[in-house]
Amino acid sequence: MHWGLFITALLPIIWLIFSLGVLKMAGSKACTIGLILTLLLAIFIFKMPIIDSLTAALEGAVMGIWPIVYIIIAAVFTYNLTTTSGSMATIREGLSSITSDKRLLVLIIAWGFGGFLEAIAGFGTAVAIPASILIAFGVNPILSATICLIANTTPTAFGAIGLPVTTLAQISGLDVLHLSYLVTIQLLPLIVIIPFVMVALIGGGIKAIREVWAPTLAAGLAFGLPQVFVARFLGAELPAIIGSIICIIVTVWFARRFEQKHPGAQKTALKAPSMNHFVLAAMPFILVFVFVMLASPLVPPLNHFLTGIKSALTIYTGAGAKPYVFNWVSTPGTLIILATIIGGLVQKMKLGQIFKILGKTAVQMVQTLITVCAIVALAKVMGYSGMIATIAATLVGLLGAFYPVVAPLIGALGTFVTGSDTSANVLFGNLQRQAAVALHDSTYWVVAANAVGATAGKMISPQSIAVASAATNLQGQEGEILKQSMKYFLGYLVVICIWIFVSGLFIHALHI
């Protein structure tokens, strides 16, 4: 067991935690220094050829631009356009007509709507758009960012039309249907718990839950239970989509009942917009949903056509290099921008005004671009140089039969570094399977734990925090957002590890 290499491999991660959490350094600066440190370690300690390390970083930077920052720009563009057109004010009035209680609004916007955005697009949309809306309702920006980061955990397992789980199944050579089902079982307790945490946060403490415990419980169950059934019988594409839509419907129904029973001080004075007016205001979001659904694997002919519009370029020069594919039309960024432009035109905006908003949004994202490109480049160098494999393999050798306790931790580590549930599954999916086989443990259960653990890392990933800070106009305050999110991340991770280990003993006994 090479403890020296293990500790060395951890240094970039330790630096990111220290620089963001302790030094409160801006994400762009911390991640750029982290990338330089990782390159030096890869070249001098892990003996990675210089050209390979640089091209690995370049591949990461390219991925940071396309599709990640591209999708972030698209998501914020949607919000900026609906704000400029006055549509966001109409949406707020419509939501306020349901309830003006911020506890219930958080469940509808950050949990239900955010889960829906994660399900259809992923890549930061579920943090960027709901956080912006919450601020418009008068929620403190830091609190908005923290709440949306907490909400954007469990839905990421099936985000972007199930991409993380379908990728994990391919990487580990497992049946996607059964793997999807076990992921939903592992996630269920957390899906029920998180809405209560969000309500306590927005309400200023545990006492805030007392009046709204029923809609809060319903918001969790309405999201989690449909996911289990959909995953069991349909696979990975639809669990989060159907779960989030049912969650929104159920939560809105409970919120209306709550307003009827508790009229008075919190009742909004705003007149609710007509249904036609509300639908017109929400048209960019509706079109985003329609476009992403039509382009998804759920519509195979169109999906095959759109995914065929691509270019491939080999960037990394080392062993195991694969061409990097640019999906020009099927990427959520293009679909969201097209949907938003059409939505703006439907709302009688001029094309020149729409493109001016898009340009301003792109300029607004310069710091985010630097941060995201640096962190994804860092992740690529760590992956190709063997640093991540060293960390994981050391943990396997050290823990033996107790390995399933830390299986989620490895997934969380992957997402913390890469910012992507899918990337965490790519990095560690096969290792988790090999560990389970070596330990004679339930292969599906341990591999599923990687996807579930990865959802925890999403909460404190520098990439996610960069998205949250950009959406809430808090660039440079990433460290404060990380500090606020860290305690919830630790609690989330403890629940995951205990639940997966204890329930896994029964799964193993039943040979599932």
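**Figure 1. Overall size of the predicted model.** A compact globule of 512 residues would have a radius of gyration near 24 Å. The protein has 22 Å, which agrees. Along its principal axes, the C-alpha trace spans about 65 × 55 × 50 Å.

**Figure 2. Helices and strands of the protein.** The chain forms 23 helices. Two strands are also present. Contacts link distant parts of the sequence: among those with a separation of 6 or more, 79% join residues 24 or more positions apart.

**Figure 3. Surface and charges of the protein.** The accessible surface comes to about 19,600 Å². Carbon and sulfur atoms account for 71% of this area. The protein carries 25 positive and 13 negative charges. Their mean positions lie 8 Å apart.

**Figure 4. The largest nonpolar core.** Of the 512 residues, 58% count as buried. The largest nonpolar core has 168 residues. Trp111 and Met198 have the most contacts inside this core. Helix H3, residues 50-84, supplies the largest share of the core, with 17 residues.

**Figure 5. Close-up of Trp111 and its contacts.** Neighbours within four places in sequence are left aside here. Trp111 then touches Val106. Ala151 and Thr154 are also in contact with Trp111. Further along the chain, Trp111 meets Ile191, Ile194, Pro195 and Met198. Met198 shares with Trp111 the place of having the most contacts inside the core. Ala219, Gly220, Phe223 and Cys247 complete the list of Trp111 contacts.

Conventions
Residues numbered from 1 in each chain as written. Predicted model: local features only at pLDDT ≥ 70, side-chain atom pairs only at ≥ 80, totals over all residues. Heavy atoms only, no water. Helix = DSSP H or I, 4+ residues; strand = E, 2+ residues; numbered from the N terminus. Rg over C-alpha atoms; globule rule 2.2 N^0.38 Å. Buried < 20%, exposed > 50% of the residue type's maximum accessible area, 1.4 Å probe, protein only. Contact = heavy atoms within 4.5 Å. Areas by Shrake-Rupley, 256 points an atom, 1.4 Å probe, with all protein chains shown as cover. Lys, Arg positive; Asp, Glu negative; His and termini not counted. Charge placed at Lys NZ, Arg CZ, Asp CG, Glu CD. Core = buried A, V, L, I, M, F, W, Y, C linked by side-chain atoms within 4.5 Å.
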